[in-house]
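Colleague: I should be grateful for a close look at a single part of this chain, namely its nonpolar surface patch. Please then set that part beside other regions of the chain.

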Amino acid sequence: MANWKKVIVSGSQAELNSLALDTALTVANGGTGASTLTDGGVLLGSGTGAITALGQATDGQLIIGDSLADPVVASLGVANGVKKTVGAGSLTVGLETSGVGNLVNAQTNGTGVTVASTDRLLISDQSQNAGTGQVSYIEVSQLQTAIGGGTVTSVAISGTDGIDVDSGSPITGAGTIALGLSNVPNTSLANSSVSYGGVSVSLGGSDSTPAFDLTDATSLPLTTGVSGILPIANGGTNISSYTTGDILYASSGTALAKLGIGSSGQILAVSSGGIVEWINNDEGDITTILTPAAGGLTITDGTGPAVTISVNLNSLTAAAVDVAADSIAIIDANASNGSRKESIADLATAMAGTNVTASSGTLNVSVSSISGSIVSNLSGDVSVTAAGVVSVNSVQANAVALGTDTTGNYVATLGSGTGVTIGSNTGEGSTPTIAVNYGTSANTAAQGNVGVTFAGTANEIELSTNTFTTVGGGGAVTIGLPNDVTIGNNLTVANNAIISGDLTVSGTASFTHSDNLDIADKFITLSSGSTTATDGGIIVAQTASGATQIGEAFGFNAQAGGAGRWGITGSLGNSVGAIVALDQMVTARSSTAAPSAAPRYGGTSGYGNMHIDTNNEDIYIYV
């Protein structure tokens, strides 16, 4: 059965008195490795194995033995001038300094000692106590007799221990002998081997192919310190030689290949197989020539290799001419017929002559300075005087074209329209006649004495007055929507629709938004109108099966124990009415005490839900 389990995290503490383990806590994890203990026993450790528990010791007993693997409890015995003192919680062992058989007279810090022939020294008496480990004493006078007297005449060193006599030998009395080291064998050293990069070599030994760890190596000579070809997986090329001009390229995701140098004048290109290759330089250096909008140019074969550019003045954008500021293109004969531009104002100035002046690109004729007639050899109907007066003496028949030689409004021809007929509508001096067709066919006019009736639609359009006695009698019809509007077919609203009241959708509501759906309400009610526990949620569509949208869902499963549970699942269609979560949402609740009841969401099946005891910051998970 699920219950609350306390979680130990950084900063929290475990309650060891309530901690339950499946086995004894090992020494490596801070325990003893023992599941039972003897009352009053002593714990002895041995490496990382289980601690040994001995029985309770009595007054004056110690835990002794030849190793920790075989300890025992025994009494401490003393002899031969050694005494023991057992106190409350203490045991003192030392030499006897007073009484019968004492060996040492007490002194302070070894000072004030005068050596006499009757003074005693401790020795291991091999002649009497060999192999017993017992200690005897000897007086100084006895030691002198045993050692005897004599004179050192020389000191010699033999063997392979590496010790030499440097100077001072032989000596017959006082003197100094200097000893030194030479040819010390490696086996006599405390450290007889060295280790480099994980490779151990004995002193005096050799290893022609040591397996060094390259991560410890520095300044490794790549020309002499390595062999073989470095593969691509290790940052190399897997290629050991090149020809002058070779180019490396990736022939696959895990391989490099060499492309030999091309011929003179060739260029690199991408082949149809997706790799580089040398090709002849006949593709041109220009990849694309674009035609500027309204630039007056036409481009042919803009990607080369032969590009044709021609002038197309018809493509230029039309503009109002400013003769004082605008320029035009010219062919300048004084510059070897080079293309140039010149302002219209300069062109007008260059064109000015006798009785003709130019100002800001405008030509002006000075009539007053001209004697005689401005235009000669005129005869017939038009004459021009020297003062610039033009007289029209007569106009020839049909010499004036309406709309071309005249200005003002005029009507060339009257055209008939629907329900209207026109007679005598062409020709000079004609008298058109206009008549209205009151026939009963379509597109005919309504006669003024005919009545008109307007009909509305129930629950769609209302009419305040729906009948005119005659068309010519006038009147007003008020058309509006009733309080209760019913639309039998599809309703399309081209612009924004503002609904002041509630919007109830009985069928499927579909929202198409160019950006995102903005909802000002703070809460959204799903399964609105439900009176019993039910499922609900949100589906993000990923695919469709016919009219059914299928996607990733976040929803509430009312049947998931307790008060239901939130969760997520995939491949859920929008035509289903329930959700079975693949992964459950974890809830967290806090209080000033440890949890006791099952979680609200999911109840006894609310695995993974959390509880925080704010009194001591303990964390619990329901499992």
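Modeller: In this predicted model, a nonpolar patch on the surface is formed by Ile157, Ile163, Leu179, Leu181, Val184, Leu189, Val194, Tyr196 and Leu203. Together these residues have about 760 Å² of accessible area. Two strands each supply at least two residues of the patch: S11, which covers 178–181, and S12, which covers 193–196. Leu203, also a member of the patch, is located in the loop between strand S13 (199–202) and strand S14 (247–252). The relative accessibility of Leu203 is 31%, so this residue counts as partly exposed. A residue needs over 30% relative accessible area to enter a patch.

The setting is the protein chain as a whole, which exposes about 46400 Å². Carbon and sulfur atoms supply 52% of that area. Of the 623 residues in the chain, 11% are buried. The chain contains 38 strands and three helices. Among contacts between residues at least 6 apart in sequence, 16% join residues at least 24 apart.

Helix H3 (residues 344–351) offers an example of buried nonpolar residues: Ile344, Ala345 and Ala348 are buried there. Viewed down the axis of H3, the buried residues fall within an arc of 105 degrees, and they therefore line one face of the helix. In an α-helix there are 3.6 residues a turn, so residues three or four places apart point the same way. The partners against which the buried residues of H3 pack are four strands, S20 (327–332), S21 (338–343), S22 (356–359) and S23 (362–365).

Another loop residue may be set beside Leu203. Ala593 lies in the loop between strand S36 (588–591) and strand S37 (610–613). Its relative accessible area is 38%, and Ala593 is therefore partly exposed. Beyond residues up to four places away in sequence, Ala593 touches His611 and Asp613. From Ala593 to Ile612 the C-alpha to C-alpha distance is 8.3 Å, although the two are 19 residues apart in sequence.

Finally, four strands make an open sheet in the order S32-S33-S34-S35, with antiparallel pairing. Strand S32 (536–545) and strand S35 (583–584) stand at the edges with a single partner strand each, so one side of each has no neighbour in the sheet. S32 runs antiparallel to strand S33 (residues 548–557), and nine bridges join the two. Within this pairing, Ala541 stands opposite Gly551 in S33.

Notes: Residues are numbered from 1 along each chain as its sequence is written. This is a predicted model: local features need pLDDT of at least 70, side-chain atom pairs count only at pLDDT 80 or more; totals for chains, interfaces and linings use all residues. Side-chain values use heavy atoms; hydrogens and water are left out. Patches are made of residues with over 30% relative accessible area and no salt bridge: like charges are joined within 9 Å, nonpolar side chains (Val, Leu, Ile, Met, Phe, Trp, Tyr) within 5 Å. Accessible areas come from the Shrake-Rupley method with a 1.4 Å probe; for residues, only the protein chains shown count as cover. A salt bridge is a side-chain nitrogen of Lys or Arg within 4 Å of a carboxyl oxygen of Asp or Glu. Buried means under 20% relative accessible area, exposed over 50%, partly exposed in between (1.4 Å probe, protein chains only). The arc is that of the directions from the helix axis to the C-beta atoms. Contact means heavy atoms within 4.5 Å. Two strands pair if DSSP finds at least two bridges between them.
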